[in-house]
Amino acid sequence: MSAAIRAEIRKILTTRLWWALLLAMIGSVAVLAGSLALATALGGQSAGDELAVPPDQLALTVYSAGVTLGYVFPVAFGAIVVTQEFRHRTFQASVLAEPRRTRVAVAKLVATVPFALAYGVASSAAALAAGAPALALAGDGAMLDDPATWRTLGLGAVAMAAWMLVGVGFGTLVTNQVAVIVGLIMWTQIVEPLVRIALGYWDAAAPVARFLPGAAGEAVAGTSFYSATGLSDLLPAWAGLIVLLGYGLVAAAIGWRTSFRHDIT
């Protein structure tokens with residue numbers, strides 16, 4: 001098993017994709033966090049009114065910017081780790097080297113763990129580096145002396161790491177690389193945000209929004225733009241992590257039966 005894991009890690013490291021997506025995520029999260037904090041600061045100063053979001057909650061919202069929208073990068077990378085084998089037709093060589101396909105699938109999952117942790121830490125660091133100065137400019141401070149701030153940053157890193165593992169599951173389910181990437185981008189950036197906003201205006205269905213994948217990821221961090229503005233509620237952190245990983249587990253289980261067990265031609 002260790003040899004299979006090392007082989008999967010080498011496959012990832014021999015391409016530029018892992019660090020290209022990492023840099024793209026860092027830039028995206030930094031811009032999002034800084035823009036959110038700065039827009040609120042300048043807007044509040046120009047209007048002369050109190051912020052609709054309390055300063056402490058605003059800080060947590062800024063520091064969880066990656067979990068709110070930036071998670072598309074780790075989930076896409078997790079999917080690519082699996083689908084690139086099918087796109088470049090190297091899966092045949094992988095199973096020839098290790099005929100036990102269960103080990104191949106597990107090795108891919110385990111190999112992504114260090115990258116998942118790196119993406120998670122980098123996301124929180126980017127939000128902190130860009131958001132703290134902008135929050136300080138607002139006059140209410142960056143809230144770095146508040147334990148809740150560091151808890152949100154830490155749990156946000158966990159949520160981003162979990163998203164990469166979920167991506168592995170969806171890559172196992174949909175082995176067509178273009179289809180799974182387009183689907184993930186459409187869902188995370190367009191479909192789910194619209195669904196959550198719509199459910200927020202329907203009292204009977206509003207609780208359903210808490211169980212959507214994006215909301216579950218935000219629940220791990222404990223806050224998000226949606227919850228801070230009252231658009232939706234969140235599950236407890238532990239429940240959010242279970243729901244989020246559950247999506248990946250179900251996708252991987254279905255994909256195992258429909259893709260990984262097929263005969264290779």
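Good morning. I begin with alanine 136, which, apart from residues within four places of it in sequence, is in contact with Gly141 and Ala142. The model under discussion is a predicted one. Alanine 136 belongs to helix H7. Its relative accessibility is 46%, so alanine 136 counts as partly exposed. There is also a relation across the sequence: the C-alpha atom of alanine 136 is 9.4 Å from that of leucine 38, and 98 residues along the chain separate the two.

Let me now place that residue in the whole chain. The protein chain contains 12 helices and zero strands. Read from the N terminus, the order of elements is α-α-α-α-α-α-α-α-α-α-α-α. Of the 265 residues in the protein chain, 45% are buried. As for contacts with a separation of 6 or more, 81% of them in the protein chain join residues 24 or more positions apart.

From H7, I move along the chain to the loop between H7 and H8, where methionine 143 lies. Methionine 143 is not a glycine, yet its phi is positive, at about 60°. Is methionine 143 buried or exposed? Its relative accessible area is 19%, and the cut-off for buried is under 20%, so methionine 143 is buried.

Next comes helix H8. At its N-terminal end, aspartate 146 acts as a cap, with a side-chain oxygen 3.0 Å from the backbone nitrogen of alanine 148. H8 has 27 residues, which at 1.5 Å a residue should span 39 Å; the end C-alpha atoms are 39 Å apart, so the two values agree.

Two residues of H8 deserve attention. The first to be discussed is threonine 149, which lies in this helix. Threonine 149 has a relative accessibility of 1% and therefore counts as buried. Which residues is threonine 149 in contact with, leaving aside its neighbours within four places in sequence? They are Leu60, Tyr63, Met143 and Leu144. The list thus includes the loop residue with positive phi that I described a moment ago, methionine 143.

The other residue is tryptophan 163, also found in H8. Tryptophan 163 counts as buried because its relative accessibility is 3%. With neighbours within four places in sequence left aside, tryptophan 163 is in contact with Tyr71, Pro74, Val75, Pro213, Gly214, Gly217 and Leu244. Its C-alpha atom is separated by 9.1 Å from that of glycine 120, a residue 43 residues apart from it along the chain.

I turn to helix H9, which covers residues 177–200. H9 has 24 residues, and from its first C-alpha to its last it reaches 33 Å, close to the expected 34 Å. There is nevertheless a kink of about 45° in H9, and its centre is tryptophan 187. At the start of the helix, asparagine 176 places a side-chain oxygen within 3.2 Å of the backbone nitrogen of valine 178.

Which residues of H9 are buried? They are Gln177, Val180, Ile181, Leu184, Thr188, Glu192, Pro193, Arg196 and Leu199. A general remark on helices is useful when reading that list. An α-helix has 3.6 residues a turn, so residues three or four places apart point the same way. The cover over the buried residues of H9 includes helices H5, H8, H10 and H11.

A residue of helix H5 touches H9. Glutamine 84 is found in H5. With a relative accessible area of 19%, glutamine 84 falls under the 20% cut-off and is therefore buried. Not counting residues up to four places away in sequence, glutamine 84 touches Thr90 and Gln177. Gln177 is one of the buried residues of H9.

Finally, I come to the largest pocket. Its volume is about 370 Å³. How many residues line the largest pocket? There are 17, and those nearest its centre are Ala105, Leu109, Val168, Leu249 and Ala252. Helices H7, H8 and H12 each supply at least two residues of the lining. Which helix provides the largest share of the lining? That helix is H12, with six residues.

To close, I return to the helices with which I began. H7 holds alanine 136, H8 holds threonine 149 and tryptophan 163, and both helices contribute to the lining of the largest pocket. Thank you for your attention.

Conventions: Residues are numbered from 1 along each chain as its sequence is written. This is a predicted model: local features need pLDDT of at least 70, side-chain atom pairs count only at pLDDT 80 or more; totals for chains, interfaces and linings use all residues. Side-chain values use heavy atoms; hydrogens and water are left out. Helices (H or I, at least four residues) and strands (E, at least two) are DSSP runs, numbered from the N terminus. The expected span of a helix is 1.5 Å times one less than its number of residues. The bend at a residue is the angle between axes fitted to the seven residues ending there and the seven starting there. Buried means under 20% relative accessible area, exposed over 50%, partly exposed in between (1.4 Å probe, protein chains only). Contact means heavy atoms within 4.5 Å. A polar contact is a pair of N or O atoms within 3.5 Å; within protein, one must be able to donate a hydrogen and the other to accept it, and residues adjacent in sequence count only if both atoms are side-chain atoms. On a 1 Å grid over the protein atoms alone, a cavity is a set of points where a 1.4 Å probe fits but cannot get out, and a pocket is an open set with protein on both sides within 12 Å along at least five of seven lines; lining residues have an atom within 4 Å of a point. Grid points are joined across faces, edges and corners, and a volume is the space filled by probe spheres set on the points.
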